[in-house]
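Work through the following exercises with the coordinates open, and compare each step with its solution.

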Amino acid sequence: MAFTRRNLLAAAPAATAITVSGPSMAQSQLSAQQVSLSRQAPGFYRYKVGDIEVTAVHDGFARWPLEGFVRNAELAEVKKAMEAAFFPQDALPITFTTLVLNAGGRLTLIDTGNGDSGAPTSGTWMANFKAAGFDPAQVNTVIISHFHGDHINGLRLKDGTAVFPNAEVMVPAAEWAYWMDDGKMASAPEGLKAGFANVRRVFGPMAKDVKQYEPGKEIAPGVTAVAAPGHTPGHTTYVVSSGSGKLMVMSDITNHPALFVRNPDWQAVFDMDGNQARDTRRKLLDMAAVERVQVAFYHAPFPATGHIAKNGNGYELVPVQWMPSI
Ligand SMILES: [Zn+2]
């Protein structure tokens with residue numbers, strides 16, 4: 001039978017009948033609220049990089065107004081890119097995905113999500129982390145890519161509680177040097193001052209224990225730091241490798257791939273040095289495309305991993321296929 005609109009419509013009543021007779025007595029007694037139809041399954045996804053088990057953990061999303069979001073493109077152009085990605089025309093849904101690396105029972109977390117300080121539509125990280133079978137007390141190392149709130153706020157709740165009591169916290173030395181510099185804070189534009197204050201709120205109480213790392217070194221089992229400045233002064237990406245497995249963790253070299261992987265010259269309002277961020281973005285995207293290596297982005301659609309293909313003057317993120325086991 002060929003599928004036409006007509007026979008699809010004709011088939012609908014039969015399908016409905018199956019659904020109605022399907023649920024058991026117990027299920028049919030649940031109220032709509034109890035079955036909570038608006039909720040997804042917990043947001044975690046596992047994959048392997050050699051012997052390292054990677055778990056992507058989702059922290060919800062924030063809707064960001066489109067107007068003014070891309071510094072160096074006309075709004076009409078940005079809307080066109082949104083339309084091409086089947087997104088709404090007014091606001092971009094920006095998602096957050098951290099990575100938990102399990103290397104022989106040692107847990108390393110790369111970035112921490114929003115904690116209890118994000119948009120009302122974020123803050124789902126802890127529930128998803130626990131649903132994935134983890135406990136915050138088990139985390140051995142937390143690696144931070146840069147000091148924006150959506151990456152560090154998961155370290156400390158608003159009431160001051162440290163979330164990972166047994167973890168060594170590792171931060172880029174260049175990032176620490178910038179954000180902890182009182183002179184830089186004093187001379188920062190007004191809009192950036194809250195960012196400086198937040199960095200001090202999160203790291204202040206643990207400042208003496210925070211370990212600063214330099215790029216180009218293996219900083220945790222299988223994790224090598226790669227300098228990727230521009231988004232922030234000390235913004236860092238990582239190569240995770242184990243055996244023949246390799247993953248480039250791109251952190252925030254792009255915000256949403258539908259805009260910035262496709263248009264790598266576009267500069268998001270969060271890129272502190274726009275030109276340097278563009279150069280870094282182009283360099284790393286090109287490397288990923290040439291090497292055909294798997295990549296992960298903090299702000300890509302969940303599970304936020306795939307491959308990079310060259311496409312004209314830009315690139316395309318090709319998502320991995322969901323696999324039921326690893
Ligand atoms: Zn970010």
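Residues are classed by relative accessible area, computed with a 1.4 Å probe and protein chains only: buried means under 20%, exposed over 50%, and partly exposed in between. The model is predicted, so local features need pLDDT (the predictor's confidence in each residue, from 0 to 100) of at least 70, side-chain atom pairs count only at pLDDT 80 or more, and totals for chains, interfaces and linings use all residues. Residues are numbered from 1 along each chain as its sequence is written, and side-chain values use heavy atoms, with hydrogens and water left out.

**Exercise 1. Decide which stretch should not be read in detail.**

Start with the whole protein chain, whose mean pLDDT is 92, with 89% of its residues reaching 70 or more. Then turn to residues 11-25, where the pLDDT is below 50 and where, beyond near neighbours in sequence, the model has zero contacts (heavy atoms within 4.5 Å). Where pLDDT is low, the predicted coordinates should not be read in detail.

**Exercise 2. Classify the ring pair of Tyr-45 and Trp-322, and place both residues in the chain**.

Take the criterion before the values: rings of Phe, Tyr and Trp (its six-membered ring) pair if their centres lie within 6.5 Å, and planes under 30 degrees apart count as stacked, over 60 as edge-to-face and the rest as tilted. The whole structure holds 16 aromatic pairs. For Tyr-45 and Trp-322 the centres are 6.4 Å apart and the planes make 40 degrees, which gives a tilted pair. In DSSP terms (helices are H or I runs of at least four residues, strands E runs of at least two, numbered from the N terminus), Tyr-45 belongs to strand S1 (residues 44-49), while Trp-322 lies 277 residues away in the segment after strand S14 (314-319). Finally, Tyr-45 is buried because its relative accessibility is 7%, whereas Trp-322, at 62%, is exposed.

**Exercise 3. Repeat the analysis for Phe-69 and Phe-270, and name the cluster that holds them**.

The ring centres are 5.7 Å apart and the planes stand at 75 degrees, so Phe-69 and Phe-270 form an edge-to-face pair. Phe-69 sits in the loop between strand S2 (52-65) and helix H4 (75-84), and Phe-270, 201 residues apart from it, in the loop between helix H10 (257-260) and helix H11 (274-291). Phe-69 is buried at 0% relative accessibility, whereas Phe-270 is partly exposed at 24%. Together with Trp-64 and Phe-260, these two residues form one aromatic cluster.
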